[in-house]
Amino acid sequence: MAYITLRDVQLAFGGPALLDGANFNLERGERVCLIGRNGEGKSTLLKLIEGSLLPDQGEVSIQNGLTVSMLAQDVPMDSGKVADIVADGAGEAAKVLKEYHEASDACVLGDMQACDRMGLLQHKLDQLDGWALETKVNSILSKMGLDPQADLAELSGGRKRRVLLARALLTQPDVLLLDEPTNHLDVESIEWLEKFLLDQNNLTLLFISHDRAFVDSVATRIVELDRGILRSYEGNYTRYLELKAQQLEAEEKQNALFDKKLAEEEAWIRQGIKARRTRNEGRVRALKALREESKARRFQQGKVNMGVQEASRSGKLVFDIEHLRVEYDGNPLIKDFSAIVLRGDRIGLVGDNGVGKTTLIKAILGDVEHGGSVKVGTQLEIAYFDQLRNQLELEKSVSDNVSEGSDFVDVHGQRRHIYSYLQDFLFSPERARTPVKALSGGERNRVLLAKLLLKPSNLIVMDEPTNDLDMVTLELLEEMLAEYKGTLLLISHDRAFMDNVVTSTWVFDGKGNIDEYIGGYQDYLQQRPDQTVVDQKSDVKKAIAKAEAEAAKNTATPVKKVKLSYKDQRELEQLPAEIETLETEQFELSEKLADGSWFVTDADAATKASQRLAEIEDLLLEKLERWDKLEEMSKGS
């Protein structure tokens, strides 16, 4: 029996249904990634499973005795001791333990009633196994590198998420729900989280994430929420993209056939009675049904249409940085950094939260006091994407934030109405009039991108631009930056994004030192000193093994050729027929998948057929290689 089952679930909040007859199963041990465009209802689905929301129709079934814990997307601003906040995840046991400590403190001061209450609370703690709670809390906080006595309000966004994750994991839930768990985490924390989740053998996971590297590492299955329907795709994100492309192609062909039939029937109904001869009431009813189906059809949300407005070229030298130093509270944050940034460089900044990445950017731009010198090149036009989105005024509408009150904006030398421009970023006129404070995190990022890209620039500075953006928008942003002719300084913890965009990487070690590496994040992993030592040892081992193999080859007695065994001879005779059978199956499946309609009528069967095609290709290659080998053996015998 599945841990969690959704049957024909319907849910809407006034507009198009977020869930429109959705069906879903989560089996024990699965790690399912839920993906979809911003605003499709992914977080809403998690809340349905958690129980904080109820469906309008349908059933959400959870196996009896199952414990479900959820890590929300929003980072809290509350204050309180980290250990207490994590312990609160244990429910009643945490409450009783806290009361016991309060009573103990009062008893020491001579409060006899508190001493009597300690006995009752001690009995409760025995029943709830509350004495082990402190040990569990301290253990998990130690694993996550958190100070139990720290105040939550004083922690960075990344550390706050670690606290919430510790709280969610404290009770060792059967099912863990994670909503954007990598947001605001640094790369080291993301990699730790990946390993932690993969090491939990009995943990069933349903998570939302737009971090493609994280999804590829953790997920065993991808489920997409698209226009109210849940579709399942086995495998990683790359495989999902292949299957999704096939599904969309099939949908386009199906829609084209539908539109053609509707147009033909509309033309027929408009003919005169003589032209139609007799009124076919069944055909009229069918036309009405077609019209209703056309009205009800939900099209896939469009893609963001973004393009950067480039200013005239800057000078060849953008920044000449010599012995830059920055102190914070008397301690060196950046010790001694020198680098040259040339026009066209795309540089990624990597390091833990709090090591000084944003500070370095601000020091280079002259916004933070520093030692050393920064020589700034000529004709620089800078566009700055702020991590905290401080450039947005929350009370103002989307359009006012982007156009600063004007009805028109200048885009590549052309005058466009602000509503027309914002539609490129998926904001309808109605949504464009909405105050920014009412937007989701992904929508706010799109507003900031729309504002940023209006300004002509030859230097773009981006501080965590990928947070909350859906995967489609991320890929479009990658393409735009890859084609940008100017210079880019990028802070991001999205490893795939860094690998696809940057040409060199500045890595912060957390002790004030910064090292430069050629290439993206994966290139840095290969070049870092500790990896170089490992590679050198590996190269030595490979050289020794190769030398031993050569020596063995030179001294070995030549092997006498022998005739094929009866088994091999039978295999050689049967292989052509087996290959022909596979090729026939390959042709039949390709024909059935060719027009894409199968993905519409039976998506699961079509998906399995696509997977079978991939298996057939591997089998054919394997059998053909085996045939060649047996043929060679038979000729040499």
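1. A residue counts as buried when its relative accessible area is under 20%. By that criterion strand β12, residues 346-350, is mostly covered in this predicted model, since five of its five residues are buried.

2. The side chains of β12 are distributed over two directions. Arg346, Gly348 and Val350 point one way from the strand, whereas Ile347 and Leu349 point the other way. Both sets are buried, the charged residue Arg346 included. In a regular strand, side chains alternate between the two faces of the sheet.

3. Two strands are joined to β12. Strand β18, spanning residues 487-491, is connected to β12 by four bridges and runs parallel to it; within this pairing Gly348 stands opposite Leu490 of β18. Strand β19, spanning residues 504-508, is likewise joined to β12 by four bridges in a parallel arrangement, and here Ile347 stands opposite Ser504 of β19.

4. A separate point concerns the open sheet of three strands, whose order is β11-β10-β13 and whose pairing is antiparallel. Strands β11 (331-342) and β13 (371-376) form the edges, each pairing on one side only. Direction ignored, neighbouring strands of this sheet are turned against each other by 15 degrees on average.

5. Within that sheet, strand β10 (residues 317-328) is joined to β13 by five bridges, and the two strands run antiparallel. Phe319 stands opposite Val376 in β13. Helix α12, residues 357-364, packs on the sheet and touches β10, β11 and β13. The direction of α12 makes about 125 degrees with that of β10.

6. The packing of helices α3 (residues 92-108) and α4 (residues 112-128) also deserves comment. Their axes lie 9 Å apart, at an angle of about 155 degrees. Angles over 145 degrees count as roughly antiparallel, and α3 and α4 are therefore roughly antiparallel to each other. The crossing of α3 past α4 is left-handed.

7. Regarding the composition of this helix contact, the residues contributed by α3 include Val96, Leu97, Tyr100, Ala103 and Cys107. Those contributed by α4 include Cys115, Met118, Leu121, Leu125 and Leu128. The residues of the contact divide into 13 nonpolar, two polar and four charged. Among the charged participants are Glu92 and Glu99 of α3 and Arg117 and Lys124 of α4, while Ser104 of α3 and Gln122 of α4 are polar.

How values were computed
Residues are numbered from 1 along each chain as its sequence is written. This is a predicted model: local features need pLDDT of at least 70, side-chain atom pairs count only at pLDDT 80 or more; totals for chains, interfaces and linings use all residues. Side-chain values use heavy atoms; hydrogens and water are left out. Axes are lines fitted to C-alpha atoms, for helices over the stretch in contact, and angles run from 0 to 180 degrees between N-to-C directions. Angles under 35 degrees count as roughly parallel, over 145 as roughly antiparallel, 65 to 115 as roughly perpendicular and the rest as oblique. A crossing is left-handed if the near helix is turned anticlockwise from the far one by less than a right angle, and right-handed if clockwise. Contact means heavy atoms within 4.5 Å. Two strands pair if DSSP finds at least two bridges between them. Buried means under 20% relative accessible area, exposed over 50%, partly exposed in between (1.4 Å probe, protein chains only).
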